[in-house]
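Colleague: I would like a close look at one part of this model, the surface, set against what lies beneath. Please keep the answer connected.

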Amino acid sequence: MTPASPRPVTAARRVVPAPRAGRQLHGGPLVHAVLTLFTAGSLLPLVWTAVAASRDNARLARTPPPLWFGGNLLENLGSAWTDANMGLALFNTTLVAGTVALGTVFFSTVAGFALAKLRFRFRRALLLLTVGTMMVPPQLSVVPLFLVVARLGWADQLQSVVLPTLVSAFGVFFMRQYLVEALPTELVEAARVDGASSWRVVWHVVLPVARPAMAVLGMLSFVQAWNDFFWPVIALTQENPTVQVALTGLGRGYVPDQAVVMAGALLGTLPLLLAFTLFGRQIVGGIMRGAVKG
């Protein structure tokens, strides 16, 4: 009996362990370089605004433009605060943007739930009509909207800016698309079997499930309302302005002081930066919780 020939020795294959769930992934140097470049490009307009706000008008008119901070920042900020009535403008803008964000989130969530999970006649037609309104340029509605505001006596009052934007077609469509996938129909039916009314289902079932999408929609609505210029500059005056309306008063005159205008723009931007600094982690955390399925 001859001995069995030995099996050929093969090189051991390298086994690469699969990434575990929840494991943090790390990018290479190229990824960090690209992210650093895009971050610097995003911050450049804000840095330039601060540099221009710290100079005087004569220096800004010269070539090449200044590339570093000057010593007039506090003086220009004080002039912008006084000339544009910036204290009242910031208060009005915070009130308007907060009310619009809350109203848009609530009404869009309720409407999105109805279009996503409730069964009623003409539901699909109503959804198509809602989406179709997004294709109409907002400039077309300015004249009839102003006539309604003037007839109600709301000219130069904040409700003329708040009420027309309490609900947005984008918000309704956004929440509808999210709830179609994130909210199980069985969960709604179980609440109905337990005797819950429609509002109880919304409060105890829909709102907890939709919280991540509501955070995103609230952030987008707040920023849009804060930066809105076209309709507020028509409906409001310098006596009762928002930030964007107040900034138009700084650019008037034969020779506008660009340094003071930049200082006013900086004052109008700082509250948004502060809000994102304080609540950015919670907003991103809510988005990530909504993205993870478990």
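Colleague: What percentage of the 294 residues in the chain do buried residues make up? Please go on from there to the helices and the surface patches.

Modeller: This is a predicted model. Buried residues account for 31% of the 294 residues in the chain. The chain has 14 helices and zero strands, so the cover has to be described helix by helix, with the limits for burial set at under 20% relative accessible area and for exposure at over 50%.

Two helices show what is buried. Helix α8 covers residues 169-182, and its 14 residues should span 20 Å at 1.5 Å a residue; the end C-alpha atoms are 20 Å apart, which agrees. Within α8, the buried residues are A169, G171, V172, M175, R176, Y178, L179 and A182. An arginine, R176, is thus listed among the buried residues of this helix. Because an α-helix has 3.6 residues a turn, residues three or four places apart point the same way. Spacings of that kind can be read from the list for α8, including V172, M175 and L179.

Helix α11, residues 211-227, has 17 residues. From its first C-alpha to its last α11 reaches 24 Å, close to the 24 Å expected at 1.5 Å a residue. Buried here are P212, A213, M214, V216, L217, G218, S221, A225 and W226. Among them, L217, S221 and A225 are set at steps of four places.

After α11 the chain comes to the nonpolar surface patch. F146, F229, F230, V233 and I234 make this patch, with an area of about 380 Å². Helix α12, residues 230-235, gives the largest share of the patch, three residues. F229 lies in the loop between α11 and α12. At 40% relative accessibility F229 is partly exposed, because that value falls between the 20% and 50% limits.

The second patch is charged. D56, E75, D83 and D257 form a negative surface patch. Of these residues, D83 is found in helix α3, which covers residues 73-83. D83 has 58% relative accessibility and therefore counts as exposed, the cut-off being over 50%.

Helix α3 also holds W81. This tryptophan is partly exposed, with a relative accessible area of 42%. W81 and G264 are 183 residues apart in sequence, yet their C-alpha atoms are 7.0 Å apart in space.

Past α3, N85 lies in the loop between α3 and α4, the latter being residues 86-117. The phi of N85 is near 50°, a positive value in a residue other than glycine. N85 is partly exposed, as its relative accessible area is 34%. A second residue with such a backbone angle is F122, with phi near 60°, again positive and again not a glycine. F122 lies in the loop between α4 and α5, where α5 is residues 123-133. With a relative accessible area of 60%, F122 is exposed.

Helix α1, residues 29-53, supplies two more surface positions. L46 is in α1 and V47 is found there too. At 27% relative accessibility L46 counts as partly exposed, and V47, with a relative accessible area of 40%, is also partly exposed. Their partners in space lie at unlike sequence separations: the C-alpha atoms of L46 and T269, 223 residues apart along the chain, are separated by 8.7 Å, whereas V47 and L67 are 20 residues apart in sequence and 9.6 Å apart, C-alpha to C-alpha.

One last position is H204, in helix α10, residues 198-209. H204 has 48% relative accessibility, and therefore counts as partly exposed, since the limit for exposed is over 50%. Between H204 and A191 there are 9.2 Å from C-alpha to C-alpha, at a sequence separation of 13 residues.

To put the surface together: there is a nonpolar patch of about 380 Å² that includes F229, and a negative patch that includes D83. Beneath the surface, buried residues make up 31% of the chain, among them V172 of α8 and W226 of α11.

Methods. Residues are numbered from 1 along each chain as its sequence is written. This is a predicted model: local features need pLDDT of at least 70, side-chain atom pairs count only at pLDDT 80 or more; totals for chains, interfaces and linings use all residues. Side-chain values use heavy atoms; hydrogens and water are left out. The expected span of a helix is 1.5 Å times one less than its number of residues. Buried means under 20% relative accessible area, exposed over 50%, partly exposed in between (1.4 Å probe, protein chains only). Patches are made of residues with over 30% relative accessible area and no salt bridge: like charges are joined within 9 Å, nonpolar side chains (Val, Leu, Ile, Met, Phe, Trp, Tyr) within 5 Å. Accessible areas come from the Shrake-Rupley method with a 1.4 Å probe; for residues, only the protein chains shown count as cover. A salt bridge is a side-chain nitrogen of Lys or Arg within 4 Å of a carboxyl oxygen of Asp or Glu. Lys and Arg count as positive and Asp and Glu as negative; His and the chain ends are not counted. The place of a charge is taken as NZ of Lys, CZ of Arg, CG of Asp or CD of Glu.
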